[in-house]
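Visitor: I am new to this protein and would like a close look at one part of it. Please show me the second largest pocket, and then what lies around and beyond it.

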Amino acid sequence: LTLRIVYLILTGVKPSNIFAATFTEKAAYEMKRRVISLLDEVVENGGFLPFAAWTSRQHRLYYYEKQLWISTFHSAGLKLLLRFIHSTVSSAEDTDAAKTNLEMLGFPKDVKIITESLSKDFSRQIAVKLQLPTDDISLEVARSYVYNQKSFLKKPKDSKKPSDLERFYRLYCQYQKETGYLDFQDLINLSIELLEKKNDILLYYRKQIKHMLVDEFQDTNYAELAFLRTLAGTGRNVFVVGDDDQTIYSWHGANPENFSEFLSSHRWCKLLKLEKNYRSTVEILRLANNIFKDKPAKMRKTLLSTRDVRGEKTVLYQAEDDKNEALFIADEIKNLLNKGVISSLSEVMVLTRLTAQFYLFQNIFEKVGLKTAALSVARFWNLEEITILVSLLSVADFLFSGLEKAVEVPKEIKRAAE
């Protein structure tokens, strides 16, 4: 995907006419960095860039940094909203010409992004008002329901006998409009709503975006696919990359069926299957091919290893429960030690999907005599000494930034502080 962006620019497409979306800020930053690095390499090797080639290297890099639109879906939605939410409604059919686009969507003039901790407090207040359970699990279920409803672009229903979750969702949205707090999914949903209601804004983006590219397409949810469709319109320059066999965010709304939906709605698109695998052994790919052999032919892949390594046979173990699972893995580690396959426990890594699993594994391992040298991220940041240190650093940063604004701080002190 990165090379395609470079190719488009080298063939005359303006960087500002390209929109590329991915799923993490880190991935977006890395993609932009690689594109700029490759373009810089072209010039350094005597090649020609259609844009900003005549400027100094520093100005050229700055130009591409500013012109390229590579971001996450949420950042793209935020950028769109920030650009247009405070514009006033001025079309003839609008009854109140003084309204901003944001007020037209039912929100106050000033909005802010809700934090995770504030969202939990928010949810607790709503649960208390509705006389619903306020324990952590119940609140998490309610917040997940809100997210899932929004990820499918579903607004609160006006039903005569709403469920507790429907009541929670309705009041949650009402509180948002009263307080002006937006969550991350709102950034996408409100962008879609604004584009659908304001034809001038929609035409602005459709005119600007000539090529649309999406990474990790298997992780898109319904709303993100709708966002892409709205921006693209009837445009045919849409390029998506992903693996429908690697969807791990279905619990968070990701829908691998978006691939099939995309192919159905973009029949002119060409499907390219990347079936060469440079990492896995022959045995692992044989197992993977058997698992996915019953998929529809159009989406089925036959993975081939480029490594001349057969590899060990995979083992499938169906544990009775989570404790039995941990004990089985502990026994396997002991067997590796006894057979001399490994000489130290530091050669073994155990990955868990949930923090709760992590603590269980740690307890079981210690009981059978296996020392662990691991610490979950969540536990690390909740350690008392870490929270105290972070608090002290926050205070120091606040005081230092205030002092720096008030007086000219010597360079030596700045360096020491940094």
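Guide: The second largest pocket has a volume of about 1,400 Å³, which is the space filled by probe spheres set on grid points joined across faces, edges and corners. H74, Y147, F184, W251 and H252 are the closest to its centre among the 46 residues that line this pocket. A pocket here is an open set of points on a 1 Å grid over the protein atoms alone, where a 1.4 Å probe fits, with protein on both sides within 12 Å along at least five of seven lines; lining residues have an atom within 4 Å of a point.

Before we go further, please keep in mind that this is a predicted model, where local features need pLDDT of at least 70 and side-chain atom pairs pLDDT 80 or more, while totals for chains, interfaces and linings use all residues. Residues are numbered from 1 along each chain as its sequence is written, and side-chain values use heavy atoms, leaving out hydrogens and water.

Now to the walls. Six helices each supply at least two residues of this lining: α1 (2–10), α2 (25–44), α4 (73–84), α6 (116–129), α7 (136–151) and α9 (184–197). Helices (H or I, at least four residues) and strands (E, at least two) are DSSP runs, numbered from the N terminus. Helix α7 gives the largest share of the lining, six residues. By class, the lining of the second largest pocket holds 18 nonpolar, 16 polar and twelve charged residues; Asp, Glu, Lys and Arg count as charged, Ala, Val, Leu, Ile, Met, Phe, Trp, Tyr, Cys and Pro as nonpolar, and the others, Gly among them, as polar.

Y147, one of the residues closest to the centre of this pocket, leads us to a neighbour worth a visit. N221 is in contact with Y147, and also with S151, Q185, G253, A254, N255 and N258, leaving aside neighbours within four places in sequence. Contact means heavy atoms within 4.5 Å. You will find N221 in the loop between β5 and α11 (222–232). N221 counts as buried because its relative accessible area is 2% (buried is under 20%, exposed over 50%, partly exposed in between, with a 1.4 Å probe and protein chains only).

The same loop, between β5 and α11, also holds E216. Its phi is near 50°, a positive value in a residue other than glycine, and at 32% relative accessibility E216 is partly exposed. Look next at the loop between α7 and α8 (164–179), where L153 lies. Here too phi is positive in a residue other than glycine, near 60°, and L153 is partly exposed at 32% relative accessibility.

Let us turn from the empty space to the packed interior. The largest nonpolar core has 39 residues, and F19, Y205, F217, F227 and L231 have the most contacts inside it. Two or more residues come from each of β1 (18–22), α4, α9, α10 (199–208), β5, α11, β6 and α12. Its largest share, seven residues, belongs to α11. There is also a second, separate core of 19 residues, including A20, V35, L39 and I70. A nonpolar core is a set of buried Ala, Val, Leu, Ile, Met, Phe, Trp, Tyr and Cys residues joined through side-chain atoms within 4.5 Å. As a sample of the packing, Y205 touches W69, L80, R83, F84, L195 and L231, not counting residues up to four places away in sequence.

Our pocket has a bigger companion. The largest pocket has a volume of about 1,800 Å³. Its lining takes two or more residues from each of β5 (211–214), β6 (238–240), α12 (258–265), β7 (276–277) and α13 (282–291). In this largest pocket there are 41 lining residues, with V241, G242, D243, Q246 and L274 nearest its centre. The lining divides into 21 nonpolar, seven polar and 13 charged residues.

Further along the chain, I329 sits in helix α14 (residues 322–338). It touches V350, F361 and F365, leaving aside neighbours within four places in sequence. The C-alpha atoms of I329 and I364 are 9.9 Å apart, although 35 residues separate them along the chain. At 23% relative accessibility, I329 is partly exposed.

Finally, step back to the whole chain. It contains 18 helices and eight strands. Of its 418 residues, 34% count as buried. Among contacts with a separation of 6 or more, 69% join residues 24 or more positions apart.
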